[in-house]
Amino acid sequence: MRTVILAGGTGKRVFPLAVNKPKPMFRVLGKPLIQYIVETLKETGLEDFIIVIGHNGEQIRDYFADGSEFGVDIDYTVQKEALGMADALKTAKDSVGDCFFVVNADDVFEASLIRRMLEQHKKRSAGIVLSCKPVEETWKFGIIEKKGDRVTKFVEKPPKGKEPSNLAVVGAYILPKEIFGYYKRIPVSDHQYEDAVEMFIEDGNLVSAVVYDDFFAGYKFPWDLFTINEHLMNKHVTKQRIEEGVDVSEKAVVDGNVWIRHGARVFAGACISGPCYVGSNSLVGNNCLIRNHSSIGDNCVIGFSTEIKHSLVGDDCWLHTNYVGDSIMGDGCSFGAGTIIANFRFDEKSVKVSVEGKKIDSGLDKFGAVIGDNCKTGINACLSPGVKIGPYSIVGPNVNLREDLEPGKMILIGKESYVVKENKITISPEKKQELMKRLMRYRRR
């Protein structure tokens, strides 16, 4: 059975992380998300793939080529415009058999999901096999109603109080080739696929579903990466692993499940408290603290006295005397000394984030900044909770950034923000000596 992997979206909801690369190419623990999908599918025996690419899709094609390096076979189709899942599947119409698997390139799940769906398909000979899991916020998902394992209704994002059940559809599907005929009968929209499945059900065809209880997370918004990163780190960093060629000072502390890749250096006074990941050829400077599921990319310099907490830092980033908390940083970023990312509101409420012009509640009370590739900050800059910075942008010295910054922009404090006047404050030598005497008294205690 061939598997269609959908990787053609533009990633507008994860801005600024997908401006320069396809959303599934975001790296976690040194691998792009789509590679985890390929490896999971291969684990179940599925090795024949069609990847539907679109926005910056040549990066996916260049990375995987024909798939031979990864032990699989890969063909590609191109979705020229992001018009939803049904439109993406149409590009693979002539390349699939009578039935085929469909998964999203940036959904992370366990191999048990695929195995159970294959078993269900074989046992029931169903036209469509879905998977589902119970959720609380039913209005955010496609919801199904089922009797036994047979699906009787499929509603996309039902209004509160009108949901047929609490079972949300998980993003993995077995579909028959007949589904393409249903697409022709339904207008193009973001929910064309879901409407086609509902019409398939109404025509009396068999649609079954398995209930899946293991891990599943989709990369829909930037903060979803925190959940995915934690899961992958807990799964793959299960012990302390320091590769050959790593230089860790005797005066540094590496505690717990920490994976440090070859060529990295950890200087005296640094502390890495696992679970954490440090990429190849990266440098962790004196008195740095890296902790709580933080992931550092390749070729980074985490300079003197920087703290990184529960954050993802891309490749080739340079930091110095900074605090980075609950944040996501693209590749090639550079922070001036004293730059701080604030990650906690004064009122302690969850952080709201602007997504496509609307404020979305992240549901997180600790959430810092989302920073695109090749951004810089000046000394003593401050980034407020939930702000996003587009690629190739600069936040100048002493700026307190409270709103999102578009790509290719620079924000500076102008001269009108300063007042210059005569200095009428003096400190006499006698006053200085008096203060010194007070300090010396404290010293003797």
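Just after helix α1, G45 adopts a positive phi of about 100 degrees. The model discussed here is a predicted one, and this glycine makes a convenient place to start looking around it. Helix α1 itself spans residues 33-43 and is mostly covered, with eight of its eleven residues buried. The buried set runs through L33, I34, Q35, Y36, I37 and V38, and is completed by T40 and L41.

One of these helix residues, L33, is also touched by K23. K23 sits in the loop between β1 (3-7) and β2. Is this lysine buried or exposed? With a relative accessibility of 14%, K23 falls under the 20% limit and therefore counts as buried. Its side chain reaches the backbone oxygen of Y219 at 2.8 Å. Leaving aside residues up to four places away in sequence, K23 touches G11, V14, A18, L33, D106, Y219 and K220. The loop between β1 and β2 also holds P16, and the peptide bond leading from F15 into P16 is cis, with omega near 10 degrees.

A cis peptide bond is likewise found between G274 and P275, where omega is about 5 degrees. P275 belongs to the loop between β19 (271-273) and β20 (276-278).

Positive phi values also turn up in residues other than glycine. A65 has a phi near 55 degrees and lies in the loop that connects α2 (58-64) with β5 (73-78). For N287, phi is near 65 degrees; this asparagine is placed in the loop between β21 (283-284) and β22 (289-291). How covered are these two residues? A65 has a relative accessibility of 41%, so it counts as partly exposed. N287 is partly exposed as well, because its relative accessible area is 44%.

Turning to the strands, β8 (residues 128-134) is mostly covered, five of its seven residues being buried. Strand β8 pairs with β12 (residues 207-211) in the parallel sense, over five bridges. Within that pairing, I128 stands opposite V207. Strand β8 also pairs with β11 (residues 167-176), here in the antiparallel sense and again through five bridges. P134 is the residue of β8 that faces L167 in β11. Strands in a sheet pair through backbone hydrogen bonds, in either a parallel or an antiparallel arrangement.

Parallel pairing also characterises an open sheet of eight strands, ordered β14-β17-β20-β23-β26-β29-β34-β37. Which strands stand at its edges? These are β14 (241-242) and β37 (388-389); each has a single partner strand, so one side of each is left without a neighbour in the sheet. The partner of β37 in this order is β34, whose residues 370-371 are joined to β37 by two parallel bridges. One pairing here sets I371 against I389, its bridge partner in β37.

Some strands of this sheet also contribute to an internal space. The structure holds one cavity of 30 Å³ or more, and the largest cavity contains about 180 Å³ of space. Its lining comprises 20 residues, and those nearest the centre are R27, V313, G314, D315 and D331. Strands β2 (27-28), β23 (294-296) and β26 (312-313) each supply at least two residues of this lining; β23 and β26 are also members of the eight-stranded sheet. By class, the cavity lining divides into nine nonpolar, six polar and five charged residues.

A further space is open rather than enclosed. The second largest pocket holds about 390 Å³. Among the 17 residues that line this pocket, R345, S384, P385, G386 and R402 are the closest to its centre. The pocket lining is made up of seven nonpolar, four polar and six charged residues.

Definitions and conventions
Residues numbered from 1 in each chain as written. Predicted model: local features only at pLDDT ≥ 70, side-chain atom pairs only at ≥ 80, totals over all residues. Heavy atoms only, no water. 1 Å grid on protein atoms, 1.4 Å probe; cavity = no way out; pocket = protein on both sides within 12 Å on 5 of 7 lines; lining within 4 Å. Points joined across faces, edges and corners; volume = space filled by probe spheres on them. Helix = DSSP H or I, 4+ residues; strand = E, 2+ residues; numbered from the N terminus. Nonpolar A, V, L, I, M, F, W, Y, C, P; charged D, E, K, R; others polar. Buried < 20%, exposed > 50% of the residue type's maximum accessible area, 1.4 Å probe, protein only. Polar contact = N/O pair within 3.5 Å; in protein donor to acceptor, adjacent residues only side chain to side chain. Contact = heavy atoms within 4.5 Å. Pairing = 2+ DSSP bridges.
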